[in-house]
Amino acid sequence: MRAVPSLTHSASHSSQSFQQKSATALENSTLRAALGKAGAGFLNARKKAFEQIENSANIKARAQQARARAIDNMPELLLQFERNAHAKGVHVHWAETAEQARAIIINLCRGKKRIIKGKSMASEEIELNQALLKSGAEVTETDLGEYIIQLANETPSHIIAPAVHKTRAQIDALFRYHHENIHEAKIADNNPKPQRKSSQLIEEARQKIRDKFLQAEVGITGANMLIASRGAALLLTNEGNGDLSAIMPQRHIMLAGIEKVIADDADAVAVLRVLGRSATGQSLGNYTSLYGAQPLQADGKDLHFVLLDNGRSEMHSSLWRDMLRCIRCGACLNHCPVYTSVGGHTYGWVYSGPMGKVLTPLLAEASRKTSAQELPHASSFCGRCVEVCPVGIPLTSLMRRLRERDFEKPLRPQSLKAKFACATMRLLFAHPKLYRLFLACFLRILKLLARGKGHISYLPTATAWTSTRDLPINRSARAAISQ
Amino acid sequence: MTSRTSTPPITSQATSTARARIIANLKIKKRAVKAEKNTTILPKFLKRKGEAQEENSTAEFISRAEKLSCKFLPAPKVIAKNSLATTLATYLKSRYKNGTKKNNKKISVLIDGEQKKLLANLNVQKKIEPYCNLIEVQEIVDFATTPFPPLSIQQADYAIAETGSLVFLQNTRAQAALSFLPTRHIVLLDEKDLLPSLEQAFARSNTSKTYWACLTISGPSRTADIEQELHLGAHGPKELLIILYR
Ligand code: SF4
């Protein structure tokens, strides 16, 4: 793929800190416009979908239970999955690291040149495309959003809507460049063409990608669930690209994290009921397909499952086990005030938003970067993500535990200010009398600063907060002050 | 595939080492985990607020499918089996008139060989042949070089009222392509194949019929990847037409 420097958004994978990247993102008006358009749509769709059903709390509880059951019995279920898949002549490969997964897939693609891909976050996680391209293959992403970011040479900025940060004008320019070889600058100067409608752009991409489908030799897709009792995998898409990637080529490779395992049909249905609703407000994804359900015999098709660990088995016995329940619905991203302001690329890796803040520091490859360790700190803990998560993952608690770990075993230097603050706290909490004295003084100071108003507009030690907004004083603090 | 035994056809040393290490890692239980009790029992149907619960699966299915932008031929109702031919013929005639009369060609319609027999038995084939060329999907050797018919007719194996979805148990690549490659997808559905819930649909897929993929399709293909605006017809069909008969 040719990369167009003028069109790339270089924030991803750079060494800047989260803070620096968010500052840049906040000033990017195009990005903010794109994110603004997306935001409300997702929220309303999800809200409506859950409001329409009567027992939504039950339905979420059931989904959570199904996922918890899967995670608790992961080793047994994974082996059961493998046994059942083998019995049908389906191949199962295990990869402990991203590197192993890449090697397995490259090996399966040996001698085949044309490869198509359905959307798969796991493949983004192991940076599969770059590896395949290096091995000499030609890879085409077929999900429209993924296709767009592949042309732009970027990483996804949302787990459900990878190109959510792109405006129609940007996509139009990208297509002109890659499909017609017209450079952005030329469009403006010599050849002014009206900006095309979304439907025209979609049609153009459909035609381009259709040819790839028909000629492909290998199709690589993700999997939404690995049903242990069947040894088969569920794949969900809306565009139909996942199925075309699975169906058209002779070889189909499904890459999935080991946490995608689920016990049986009943549990799979429980998760299906919340997945579509949380992600896009649909009662079920447009295409929900089961692959490997029965012995392969037709057409010389072959099917390979690649099970990826990459840090997950480590998480399983850690304090962050709950995170393995995640079904990648994206609801926590859509409801996060930080995500919706700065966009996915600011997080510096493929997983963004609240779930990314927990996953990125834990998953093997990325965790070595020090920039990953600051992610759990970039949260106001408003807790909206916890409220909307359909499988009840306590995201804020998990982030808090990461902060604790970071404090105990800092991978990045602690600031003097933080060290001082912690030392003071330790002293105060150990001496109740001192604590009470301090509190009395502190409240008095707050009272002075509030000057009879319900909020404080200037607080000397917390100027980062008060320079952009007021610090509200809650009721109990007010009562304490007036005592 | 050559070997169809129960041993894994590709077993490299690397994958078994990785398996052993992953499983060993997972079996470490550093943290005691409380097993959650199976307390929530769900009703068979997903209850929806604000609308009277559809009294039967048929009405529920029709209302769900219409919300997913499916169209019903000739109208959202169940037709008699013996008027299937007329319904299809009327539709094809209208398409033939609007679409391809200029070059005086019949519209090509893709169909599965087995289902062609079914249509012949129902006397449908004779009635619709004046308006279309029926092409058997099995005859297409190379999808890349064959111009693809704009329309396909396919019988659904069963359908799900809860979500308005159609299910196809596909045995060959050609059959599966039938549901994805044409621009318009006409689906015949026998009312007796309507199942109320997702659970029942999953159970039904454990049949004796051999198939390789179980496709659950809920409406025409769609994307919202450009500025989150919903558009029908991404990679799959732009229009999904259902003929419900009994
Ligand atoms: S953490 Fe919860 S809300 Fe976020 S993507 Fe995962 S399942 Fe969805």
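Student: What span should the 15 residues of α13(A) have at 1.5 Å a residue?

Tutor: Helices and strands are DSSP runs numbered from the N terminus, a helix being H or I over at least four residues and a strand E over at least two. The expected span of a helix is 1.5 Å times one less than its number of residues. The end C-alpha atoms of α13(A) are 21 Å apart, which agrees with the expected span of 21 Å.

Student: What kind of model is this, and how are its residues numbered?

Tutor: Residues are numbered from 1 along each chain as its sequence is written, chains are lettered from A and ligands numbered from 1 in the order in which they are written, and side-chain values use heavy atoms, with hydrogens and water left out. Local features need pLDDT of at least 70, side-chain atom pairs count only at pLDDT 80 or more, and totals for chains, interfaces and linings use all residues, since this is a predicted model.

Student: How many of the 15 residues of α13(A) are buried?

Tutor: Buried means under 20% relative accessible area, exposed means over 50%, and partly exposed lies in between (1.4 Å probe, protein chains only). By this rule α13(A) is mostly covered, and the number of its residues that are buried is 14.

Student: Which residue meets D267(A) in a salt bridge?

Tutor: A salt bridge is a side-chain nitrogen of Lys or Arg within 4 Å of a carboxyl oxygen of Asp or Glu. Here the N to O distance is 2.8 Å, and D267(A) lies in helix α13 while its partner R62(A) lies in helix α3 of chain A, so the pair ties together parts that are 205 residues apart in sequence. D267(A) is buried at 1% relative accessibility, and its partner, with 14%, is the also buried R62(A).

Student: In which helix does R312(A), the partner of E125(A), lie?

Tutor: The closest N and O atoms of the salt bridge between E125(A) and R312(A) are 2.8 Å apart. The two residues are 187 residues apart, E125(A) being in helix α6 (residues 121–125) of chain A and R312(A) in helix α14.

Student: Which strands stand at the edges of the sheet in chain B?

Tutor: Two strands pair if DSSP finds at least two bridges between them. In chain B, 6 strands form an open sheet with parallel pairing, in the order β1-β12-β7-β4-β2-β3. Each edge strand has a single partner, so one side of each is left without a neighbour in the sheet, and these strands are β1 and β3.

Student: Which chains does the aromatic pair of Y287(A) and F180(B) join?

Tutor: Rings of Phe, Tyr and Trp (its six-membered ring) pair if their centres lie within 6.5 Å, and planes under 30 degrees apart count as stacked, over 60 as edge-to-face and the rest as tilted. The rings of Y287(A) and F180(B) are tilted, at 5.0 Å centre to centre and 45 degrees between the planes. Y287(A) lies in strand β9 of chain A and F180(B) in helix α6 of chain B, so the pair joins two chains, A and B.

Student: How many nonpolar residues are in the shell around the ligand?

Tutor: A residue is near a molecule or strand if one of its heavy atoms lies within 4 Å of it. Of the 13 residues that surround the ligand, the closest are C326(A), C329(A), G330(A), C332(A) and C389(A). Ala, Val, Leu, Ile, Met, Phe, Trp, Tyr, Cys and Pro count as nonpolar, Asp, Glu, Lys and Arg as charged, and the others, Gly among them, as polar. The shell has 1 polar and 1 charged residue, and its number of nonpolar residues is 11.
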